[in-house]
Amino acid sequence: MDALIAKADAIQPLHKKRKTTHHASSSSSKPKSNAPKTTTDPTLSTIAKHTSIPKSLRDSKPLPEDSVPKYNHIANKRLRTTLTRQSEQGARAKALVEDADMLLMEEAGGMEVEGEMDRTWRIGQEDVIKSAGQEAAKGRREFKLDGGPYRARYTRNGRHLAIAGRTGHVSTFDWQTGTVHAELQLQETCRDITFLQDHSFFAVAQKKYVFIYDRDGVEVHRLKGHIEPTRLEFLPYHWLLASVGNPGFLKYQDTSTGQLIAEHRTKLGACHAMTQNPHNAVIHLGHQNGCVTLWTPNLPHPAVQLLAHMGPVVSVAVDPSEGGRYMASAGRDGTVKVWDCRNWKGAVREWGVRGAGGDPEVEWSQRGYLSVASGGSVNIYNPPAIHTPFHIRTPPPLYMTHPIPHRPLTSLRFAPFHDILTIGHGAGLSNILVPGSGEPNFDSREADPYENRKARSEREVKGLLEKIQPDLITLDPEFIGTLAPVSKLTTEVTTATDAKGKPVPITSVPYARLPRIDRLRVSGKMDESEDVSDEEGEEGMDEETKQKRREEREKRRMRGKGKSMKRYLRKQRKNVIDPAAIAIRKKLEKQREERKKTAEIAKNGGVQQEKKRSALDRFKSRKE
């Protein structure tokens with residue numbers, strides 16, 4: 001590492017610090033130095049502002065002249081400078097590809113044995129600490145607490161840890177520096193805890209409701225809609241807090257607006273196993289009847305339901321390394337199963353756990369390592385053995401094991417971007433080192449372990465602006481944005497012919513909108529021979545007979561369409577206000593009145609009777 005920093009032209013030692021030179025005036029008599037002037041200052045580059053990477057760590061060597069194209073033919077100086085700068089940046093990025101490959105290795109770290117008879121599970125934590133670096137060895141810790149058994153939860157960047165004891169002891173702290181943010185004694189049952197968007201807020205599943213606290217431990221909200229919760233999950237891209245409890249209701253609460261988005265009745269009783277798929281934000285629930293169900297906010301019924309175990313399901317977990325393809329479930333029947341979430345045709349692997357004294361717990365790491373806690377030990381299995389289909393009920397090759405003298409084992413959590421597994425038990429917490437389990441290369445735009453207050457606030461605002469709607473949660477997240485398949489009810493109408501007399505499709509019309517004769521032709525129920533014979537029989541006829549036969553066929557084809565068309569036109573004319581039509585109606589009405597008067601006069605012998613006046617005649621217009 002020291003050689004790499006020296007090669008990157010980092011800050012120079014004290015005796016090689018840059019010296020400030022004062023420019024002499026024109027009348028100065030000091031001789032001018034012939035030493036070459038340096039154009040770059042490494043010390044000044046390291047403290048330059050508004051740079052994502054210090055310039056001292058960048059390659060300061062001049063680029064070859066052939067690698068950067070010239071833009072001398074462009075007259076605009078600003079455009080020429082911009083293009084030149086972009087070309088230099090691209091050439092420098094290509095030159096640093098080898099360094100990037102050296103730092104971002106594809107091969108995951110892990111333990112390897114020298115002999116064929118040696119096994120990695122025989123290596124204990126003491127040997128791992130001796131072989132690991134000084135900073136990595138600090139992760140091996142023991143937290144002895146009295147409020148157990150405990151459940152733990154990390155933030156997305158792996159910097160902060162939240163713990164909740166069954167008797168009411170709740171605390172959040174920075175586990176690397178030991179800084180305690182909040183510590184509460186709630187004096188009631190606490191079943192689960194989770195962070196929200198960051199360590200500024202956390203939610204606790206208490207005896208009766210879900211409570212939300214801020215960083216200092218001050219109660220902010222009490223969610224009365226979440227009754228007797230047992231498990232909590234937070235969806236970071238949707239800002240949804242999901243909870244399930246003893247009543248058997250799965251509820252989604254939007255933490256940005258405070259609205260209760262969805263409330264699903266599982267109809268399977270109390271639930272004590274819950275996790276989320278980080279790939280598609282689908283909630284996985286394990287029930288007392290041995291079923292595992294998958295839920296989304298936009299469906300009132302489970303998207304997938306399968307019978308996983310012969311007893312109650314006590315723990316479920318989803319593998320984040322394979323894009324949410326594999327799910328592990330543990331049941332009270334003493335079995336652990338790995339499922340393929342793409343087909344659900346059966347368990348990929350199945351084996352029994354050893355020991356007794358508590359329900360088994362399962363958890364996946366960022367690199368795909370599976371940890372199983374049962375009895376008084378924690379076993380870790382590494383890929384690809386756990387992903388390989390194996391139909392015999394035997395456990396995969398063991399990678400590491402660690403005994404825990406305290407029971408019961410209630411929680412397993414891998415620290416993001418660290419090779420650390422946190423185990424919650426009756427006497428507190430235990431951190432063990434699992435080499436190769438953590439992701440070494442983090443994306444600072446998603447989760448930055450070294451972010452400051454300003455970066456955290458900017459990420460929070462950006463997350464709110466880019467919040468995904470709950471209706472977009474589906475089993476296949478790639479479904480949205482794809483082209484819709486061609487409908488089976490859509491067919492092509494062939495009404496034209498080419499030069500060879502073959503029908504040519506003109507347009508595509510839904511099947512339900514086709515005329516009856518076209519529907520018969522498409523479905524194959526039309527007798528085409530009759531029309532062909534009629535056309536062939538016209539060869540020996542004159543033009544007048546052909547015209548008559550064509551009119552008869554057209555009239556036969558349009559039979560029954562006149563009545564419906566007239567009815568349609570009559571309905572269309574019903575509500576049309578046309579001044580000409582109104583004038584004609586008045587004229588016809590006036591003529592009808594005159595004919596009526598003439599008939600009455602003729603009936604009375606040519607004498608016109610005076611019409612009796614009514615009391616309403618005074619309101620009539622005088623023009624009439």
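The following exercises, with worked solutions, concern a predicted model.

Residues are numbered from 1 along each chain as its sequence is written, and side-chain values use heavy atoms, with hydrogens and water left out. Because the model is predicted, local features need pLDDT of at least 70 and side-chain atom pairs count only at pLDDT 80 or more, while totals for chains, interfaces and linings use all residues.

**Exercise 1. Determine whether cysteine 291 and cysteine 341 are buried or exposed, and state how many disulfides are counted.**

Step 1. Buried means under 20% relative accessible area, exposed over 50%, and partly exposed in between (1.4 Å probe, protein chains only).
Step 2. Cysteine 291 has a relative accessibility of 11%, so it is buried. Cysteine 341, at 17%, is therefore buried as well.
Step 3. A disulfide is a pair of cysteine sulfur atoms within 2.5 Å. The count under this rule is zero disulfides.

**Exercise 2. Compare the span of helix H12 with its expected value.**

Step 1. Helices (H or I, at least four residues) and strands (E, at least two) are DSSP runs, numbered from the N terminus. The expected span of a helix is 1.5 Å times one less than its number of residues.
Step 2. Helix H12 covers residues 579-603, and its 25 residues should span 36 Å.
Step 3. The end C-alpha atoms of H12 are 36 Å apart, which agrees.
Step 4. Just after H12, glycine 605 has a positive phi of about 80 degrees.

**Exercise 3. Describe the segment that UniProt annotates at residues 306-340, and locate alanine 328.**

Step 1. The unreviewed UniProt entry places the feature "repeat: WD" at residues 306-340; UniProt positions are given in the numbering used here, feature names are shortened, and annotations may be inferred rather than shown by experiment.
Step 2. This segment is 57% strand and 0% helix, with its end C-alpha atoms 12 Å apart.
Step 3. Alanine 328 lies in strand S19 (residues 326-331). Its relative accessibility is 0%, so alanine 328 counts as buried.
Step 4. Tryptophan 364 is 36 residues from alanine 328 along the chain, and their C-alpha atoms are separated by 8.3 Å.

**Exercise 4. Which elements give two or more residues to the lining of the largest cavity?**

Step 1. A cavity is a set of points, on a 1 Å grid over the protein atoms alone, where a 1.4 Å probe fits but cannot get out; lining residues have an atom within 4 Å of a point.
Step 2. The lining includes Pro149, Cys190 and Thr410.
Step 3. The elements are strand S2 (150-154), strand S3 (160-165) and strand S6 (190-195). S6 gives the most, with three residues.

Terms used. 1 Å grid on protein atoms, 1.4 Å probe; cavity = no way out; pocket = protein on both sides within 12 Å on 5 of 7 lines; lining within 4 Å.
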